[in-house]
Amino acid sequence: MGSCFSRRGDASTPSKDPARIDDATEPAEKPHSSDVDSVPPFKEFTLEQLRAATKGFNPANIVSEGGERALNVVFKGQLEDSTWVAVKRFPKTAWTDARQFADEAFSVGQVRSNRIVNLIGCCHEGDERYLVAEFMPNETLARHLFHFEDRPMEWAMRLRVAYYLAQALEHCSNNGRPLYHDLNAYRVLFDQDGNPRLSCFGLMKNSRDGKSYSTNLAYTPPEYQRTGRVIHESVIFSFGTILLDLLSGKHIPPTHALDLIKGKNASSLIDSHLKEHYSSEDGTEVVRLASRCLQFEPPERPNVRALVQSLAALQRKNDVPSHVMLGISQQPPLETVTNSGRSGSGSCSGFQEACSRMDLTAIHEILVKTHYRDDSSENELSFQMWTKQMQDMLNARKKGDLAFREKDFALAIERYSEFILGGVMVSPTVFARRSLAHLMSDQPDAALRDAMQAQYINPEWPTAFYLQSVALRMLNMEKEATDMMEEGAILEAKKTSRS
């Protein structure tokens, strides 16, 4: 299979195979955030403490990929001692037995590692159920792989993600938590140093309905589809789907990937953005590991220890810190959570203020920062994503995102139009971005149409109303502009009250 891959690579001498996570080959300087001893001990929080930390569960502080429409909403919060946390709120129907919830959370909270997002507490008052974990400020693997705006994740970093994730799963298994529910690219997050961590939330099974997977069934283990049960080998299958994600930079159904591998067409799995920046041998080995993990019969899949050993030999650029390879600052500033939501982190209240001032530059900055947080489509990728038509549309959107970020609004309009005309996916955020691009190009009529289309797709999205207000004001329709601004504010207030 080696002949399928490019011969040029960034390979260096493979690192030694570590016996334990703590002995693993690391970047030259061990980051402080990896110090497990600094993680606060597990505790039970009161509901009032979590309200204070999240400023009343303000929607502006939601960090779930699916926004407020996510089944289990996650908020960013700051405790009284200034510790930043992620607070996961379950539906009221989840975990009806409060003691069972607390016991399960406590058990997960004892599994500590610098490879996982550590659980530091829980809350169970009345019907309310919350988990409290370390806050990871640098997004998810899905964001860095599928929705990057600047540059694709480099090959050595993808190998590091696979290795660290395998180490995380091995550590959990060795500490009595071998099962992980719904392992996918949204469950891998990056800490302040850019190191990938496995979310602790997947170690707890949601007792609301007993289901362990919320993703498209095309990506779930065959035995789960047959029996509805997760076994240790099911986690290995899901790990295989993440290896496919890392190889391709897109979400490919396992059956399609295996067909390509069996047809000796595995080279088509490699992300085109990598071009020649990976080695033939590395690519062949990762494809081999992925195909083994995705075997139909559970006993034919490798164990997690074997995966750690195989991936250890593939580690490259061990002296380069993760944040350098990701192209991010090592310690991005965390803004104080506020009641008004005007923290500059892309909140709707801040957006309302910018629209009221007709400050197009501020509007642009906020739209860039919020990315696609308010698009429900980001949370569930289509079964057809691997098709050429879908990939062409996603590439057009990525090019539009890059142009939008670089303030080349004419090119952004052109690329976003390609995405919209493709008709494969709908995205209110794309319409919002194209609306602003029209405003920046002095085309308020077109901007108004796009903002109205964003509203049509997501009728309760305040951003769509605020953008209509700006366009209407540029068209000298002051009364209508005021009405739109008020409607957006009403919707935002409703969202806040529901939380």
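Let me start with A471, which lies in helix 17, the stretch that covers residues 462-474, and please keep in mind throughout that what we have on the screen is a predicted model. A471 is buried, with a relative accessible area of 0%, and if we set aside its neighbours within four places in sequence, the residues in contact with A471 are L439, P444, A447 and L448. Of these, A447 is 24 residues away from A471 in sequence, and the two C-alpha atoms are 6.2 Å apart in space.

From there I would like to step back to the chain as a whole. The protein chain has 499 residues, of which 58% count as buried, and it holds 18 helices and eight strands. If we take the contacts with a separation of 6 or more, 71% of them are between residues 24 or more positions apart. The accessible surface of the chain comes to about 20,800 Å², and carbon and sulfur atoms account for 50% of that surface.

Now to the strands, beginning with the sheet of five. This is an open sheet with the strand order 1-5-6-3-2 and mixed pairing. Strand 1, at 43-44, and strand 2, at 73-78, stand at the edges with a single partner strand each, so one side of each has no neighbour in the sheet. Two helices pack on this sheet, and I will take them in turn. Helix 1, residues 47-54, touches strand 1, strand 2, strand 3, strand 5 and strand 6, and its direction makes about 80 degrees with that of strand 2. Helix 2, residues 98-109, touches strand 1, strand 5 and strand 6, and its direction makes about 175 degrees with that of strand 5.

Let us walk across the sheet from the strand 1 edge. Strand 1 and strand 5 pair in the parallel sense over two bridges, and here K43 has G121 in strand 5 as its bridge partner. Strand 5 is mostly covered, with five of its seven residues buried, and with strand 6 it pairs in the antiparallel sense over six bridges, one of the bridge partners being A133 in strand 6, opposite L119. These two strands form a hairpin with two residues between them, in which G126 takes a positive phi near 60 degrees.

Continuing across, strand 6, residues 128-134, pairs with strand 3, residues 84-89, in the antiparallel sense over five bridges, and the bridge partner of K88 in strand 6 is L131. Strand 3 then pairs with strand 2, again in the antiparallel sense, over six bridges, with V87 of strand 3 as the bridge partner of F75. Strand 2 and strand 3 also form a hairpin, this one with five residues between the strands, and S82 in the turn has a positive phi of about 75 degrees. How many of the six residues of strand 2 are buried? The count is five, so strand 2 is largely enclosed by the rest of the structure.

The second sheet is an open one of three strands, with the order 4-8-7 and mixed pairing. Its edge strands are strand 4, at 116-117, and strand 7, at 188-190, each pairing on one side only. Strand 7 and strand 8, the latter at residues 196-199, pair in the antiparallel sense over three bridges, and the bridge partner of L189 in strand 8 is R197. Helix 4, residues 155-174, packs on this sheet, touching strand 4, strand 7 and strand 8, with its direction at about 40 degrees to that of strand 8.

A word on the cysteines, since someone may ask. With a disulfide taken as a pair of cysteine sulfur atoms within 2.5 Å, the count comes to zero. For C123, the closest cysteine sulfur is that of C122, at 7.4 Å, which is too far for a bond. C123 is buried, with a relative accessible area of 0%, and C293 likewise counts as buried at 0% relative accessibility.

Finally, a helix pair. Helix 14, residues 409-422, and helix 15, residues 428-440, pack at an angle of about 150 degrees with their axes 9 Å apart, and helix 14 passes helix 15 in a left-handed crossing. The contact involves F409, I413, Y416, S417, F419 and I420 on the helix 14 side, and V430, F431, R433, R434, A437, H438 and M440 on the helix 15 side.

Notes. Residues numbered from 1 in each chain as written. Predicted model: local features only at pLDDT ≥ 70, side-chain atom pairs only at ≥ 80, totals over all residues. Heavy atoms only, no water. Helix = DSSP H or I, 4+ residues; strand = E, 2+ residues; numbered from the N terminus. Buried < 20%, exposed > 50% of the residue type's maximum accessible area, 1.4 Å probe, protein only. Contact = heavy atoms within 4.5 Å. Areas by Shrake-Rupley, 256 points an atom, 1.4 Å probe, with all protein chains shown as cover. Pairing = 2+ DSSP bridges. Axes fitted to C-alpha atoms, helices over the stretch in contact; angles between N-to-C directions. Left-handed = near helix turned anticlockwise from the far one by under 90°.
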